[in-house]
Amino acid sequence: MTWLPRLTYIELRKCVDTKSALVLLAVIFVLAAGFAVLASTGEPDLNSFVGSALIPLPFLLPVISALSATSDWSQRATVTTFSLVPRRSRILVARLTATVLLVLLLASAIVVTTMAIFVVMHPAAFQATDWAEFAKTLWSILVLAITAALTGVAMGYLLLIPALAISVTLLVPVAYEVFISLRFPDVGPWISSLAFSQWLLKPNLDWESSGLETVGIGPALSSLLLWTVLPLAAGWVRQLRKEVK
Amino acid sequence: MQNAVLQQPSAKLSVQGLTKTYRGKTAVRAASFDCAGGTITGFVGPNGSGKSTTLRMILGHTRADSGQAYFDGVPYVDLHNPGRTVGVLLDASAHHDGRTVRETLRLAALTIGASKARTRACQTAVGLESVGNKRVGSLSLGMRQRLGIAVATLGAPRFLILDEPANGLDPEGIRWLRQLLKSFAATGGTALVSSHQLAELEMVADKLIVIDRGRAREQEARTFHPAHESVVSTENDVLFRERLTSRGINAHANSDHTALLVEAAPDIVGRIARDSTIAIESLTSAPLQTLEDFFLETTSGEHAAGDDSALFDLLGRPKQ
């Protein structure tokens with residue numbers, strides 16, 4: 001397994017070594033920090049401040065992960081990649097690991113920066129922070145980042161075309177909220193793309209969902225299977241078999 | 001297995017019965033050939049003949065329906081660190097346009113474990129030292145080929161698999177590539193090089209694999225002797241042809257009936273003309289066939305263009 005850290009480093013490097021990738025990361029970073037500043041109200045509080053930075057992340061992080069999963073294919077760089085590493089599974093493992101790391105690094109950078117901004121803007125309110133509550137905020141950021149990375153990579157692996165992968169990843173949750181959950185309230189919770197991350201935010205041992213707030217284990221697993229495991233597995237097989245040219 | 005590999009005296013590529021069918025249409029039919037160590041093998045065939053498909057099957061980029069290729073007895077996908085054994089250039093555009101030349105080389109070097117010094121040496125050797133900070137997308141085709149050759153040679157491989165490496169190269173680059181291949185073979189390396197630049201290939205190849213409509217066959221390089229040895233025109237070609245035939249010498253008229261192509265040397269043809277009292281108007285020895293003549297005679301490209309008049313219809317007839 002000595003190949004794993006080496007290939008992960010290379011895949012991580014490939015996520016940040018082009019101008020367009022750096023610009024995209026910078027834009028996301030600035031947007032998230034900007035959201036925090038704009039959403040800050042008269043009564044400053046670290047939790048809501050850092051929490052506001054979260055708002056744009058569900059839309060921005062999948063873009064990063066879908067891009068990093070597809071850019072090799074869209075640029076025909078796969079010919080070189082798979083010539084040097086013909087055991088394609090190794091590349092797929094490394095790319096998945098690198099993407100999760102990248103998204104975590106970005107999320108951490110956003111948290112640290114927004115905290116720093118908060119300290120500068122409201123030093124007094126920083127002292128009064130409820131740290132137990134803050135830990136919950138961090139946990140939700142972590143959940144969001146990891147599930148965004150996984151769904152983005154899964155769709156990217158399956159579809160292999162950046163624009164397609166990004167739009168599907170972004171449109172599916174919206175389409176779900178607008179159509180499915182309203183039309184089919186019974187089936188809805190089981191095929192929601194967000195159920196898994198909602199469950200992680202509020203873990204509980206009930207099988208079925210109760211009400212709108214609490215998601216049960218059943219729908220959470222079904223969501224994980226449907227929107228992450230299945231596309232990832234199908235995409236994996238597709239990339240192992242696909243003709244590289 | 002490892003020991004058996006190490007005991008091989010020289011690098012040998014063995015292609016055994018590679019076959020690929022796309023939706024019922026056979027692209028490559030049981031391609032089999034060997035490339036010995038210390039030789040350059042030219043790989044030629046018309047567009048759509050199955051050349052690139054064969055190369056992709058050799059490298060595992062395309063799954064063969066049947067057959068396998070072995071590098072010193074090991075299939076490509078089972079090589080421990082393939083970049084150290086086989087240098088590959090399949091597509092000059094196989095790099096991310098947004099990356100710089102230096103970063104592209106660095107990524108390949110990290111993958112195969114080539115040193116920074118080796119990477120710099122390869123970048124300089126292909127003449128890209130001054131464009132290290134340029135993006136790949138801004139390079140010309142020739143420059144991309146040079147980058148591809150640099151990536152292929154990073155791991156100091158014993159095999160080279162190059163698909164159309166001379167495409168887009170300037171004359172200086174083509175000469176450089178030729179020297180690279182020759183010195184590579186001289187040190188025991190094995191090269192398989194496809195090209196449409198037949199005159200160029202003729203200069204370096206020890207052996208040719210000609211692939212036509214998915215069928216590959218071997219051909220010794222530089223033995224393209226035409227059947228006829230002389231080209232002669234006389235005051236009466238029909239009569240002279242009879243005289244030649246009666247002496248057991250084959251002769252037939254050329255395509256526009258202006259001369260006879262004779263399977264005998266010019267001095268013999270001259271003597272027969274004197275003995276037959278037929279005056280010769282011109283007599284030359286037949287030019288040796290080039291690889292291009294040979295190629296055009298022996299292959300039938302799937303995508304062959306129509307005759308000249310079809311071309312003229314496209315672009316307008318040339319003015320007389």
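Mentor: Before we start, buried area is the accessible area (1.4 Å probe) that two parts lose on being put together, summed over both. This is a predicted model, in which local features need pLDDT of at least 70 and side-chain atom pairs count only at pLDDT 80 or more, while totals for chains, interfaces and linings use all residues. Residues are numbered from 1 along each chain as its sequence is written, chains are lettered from A and ligands numbered from 1 in the order in which they are written, and side-chain values use heavy atoms, with hydrogens and water left out.

Trainee: OK, so what is the area buried between chain A and chain B?

Mentor: The area buried between chain A and chain B comes to about 2600 Å², and carbon and sulfur atoms give 52% of that. On the side of chain A, the three residues A:Gln75, A:Leu84 and A:Glu243 supply 22% of the area that chain A buries against chain B, more than any other three residues.

Trainee: And how many residues of each chain are in contact?

Mentor: Taking contact as heavy atoms within 4.5 Å, 28 residues of chain A are in contact with 30 residues of chain B.

Trainee: How many residue pairs are in polar contact there, and how many salt bridges are there?

Mentor: There are 17 residue pairs in polar contact between chain A and chain B, both residues being at pLDDT 80 or more; a polar contact is a pair of N or O atoms within 3.5 Å, where, within protein, one must be able to donate a hydrogen and the other to accept it, and residues adjacent in sequence count only if both atoms are side-chain atoms. The count of salt bridges between chain A and chain B is 4, a salt bridge being a side-chain nitrogen of Lys or Arg within 4 Å of a carboxyl oxygen of Asp or Glu. One of the salt bridges is formed by the side chains of B:Asp91 and A:Arg76 (2.7 Å, N to O).

Trainee: Which helix of chain A gives the most to the side that touches chain B?

Mentor: Helix 1 of chain A gives the most to that side, with 6 residues. Helices here are DSSP runs (H or I, at least four residues), strands are E runs of at least two, and both are numbered from the N terminus.

Trainee: What does B:Arg99 pair with?

Mentor: The side chain of B:Arg99 meets that of A:Asp17 in a salt bridge (2.8 Å, N to O). B:Arg99 lies in the loop between strand 5 (86-89) and helix 4 of chain B and A:Asp17 in the loop between helix 1 and helix 2 (19-39) of chain A, so the pair joins two chains.

Trainee: Are those two buried or exposed?

Mentor: B:Arg99 is buried, and so is A:Asp17, where buried means under 20% relative accessible area, exposed over 50%, and partly exposed in between (1.4 Å probe, protein chains only).

Trainee: Switching to chain B, what does B:Asp97 meet in a salt bridge?

Mentor: The side chain of B:Asp97 meets that of B:Arg144 (3.8 Å, N to O). This pair links distant parts of the chain, with B:Asp97 in the loop between strand 5 and helix 4 of chain B and B:Arg144 in helix 6 (residues 141-153) of chain B, 47 residues apart. B:Asp97 counts as partly exposed because its relative accessibility is 30%, whereas B:Arg144, with a relative accessible area of 13%, is buried.

Trainee: And where does B:Asp170 come in, and what is its partner?

Mentor: B:Asp170 forms a salt bridge with B:Arg146, the closest N and O atoms being 3.2 Å apart. B:Asp170 is in the loop between strand 6 (159-163) and helix 7 (171-186) of chain B, and B:Arg146 is in helix 6 of chain B, 24 residues away. B:Arg146 counts as buried because its relative accessibility is 9%.

Trainee: What does B:Arg178 touch?

Mentor: Not counting residues up to four places away in sequence, B:Arg178 touches B:Glu200, B:Met203 and B:Val204. B:Arg178 is found in helix 7 of chain B, and its side chain makes a polar contact with the side chain of B:Glu200 (3.1 Å).

Trainee: Last topic, which residues touch the most other members of the largest nonpolar core?

Mentor: Of its 84 residues, B:Leu13, B:Ile58, B:Phe71 and B:Leu192 touch the most other members. Helix 4 (residues 101-112) of chain B gives the most to this core, with 7 residues. A nonpolar core is a set of buried Ala, Val, Leu, Ile, Met, Phe, Trp, Tyr and Cys residues joined through side-chain atoms within 4.5 Å.
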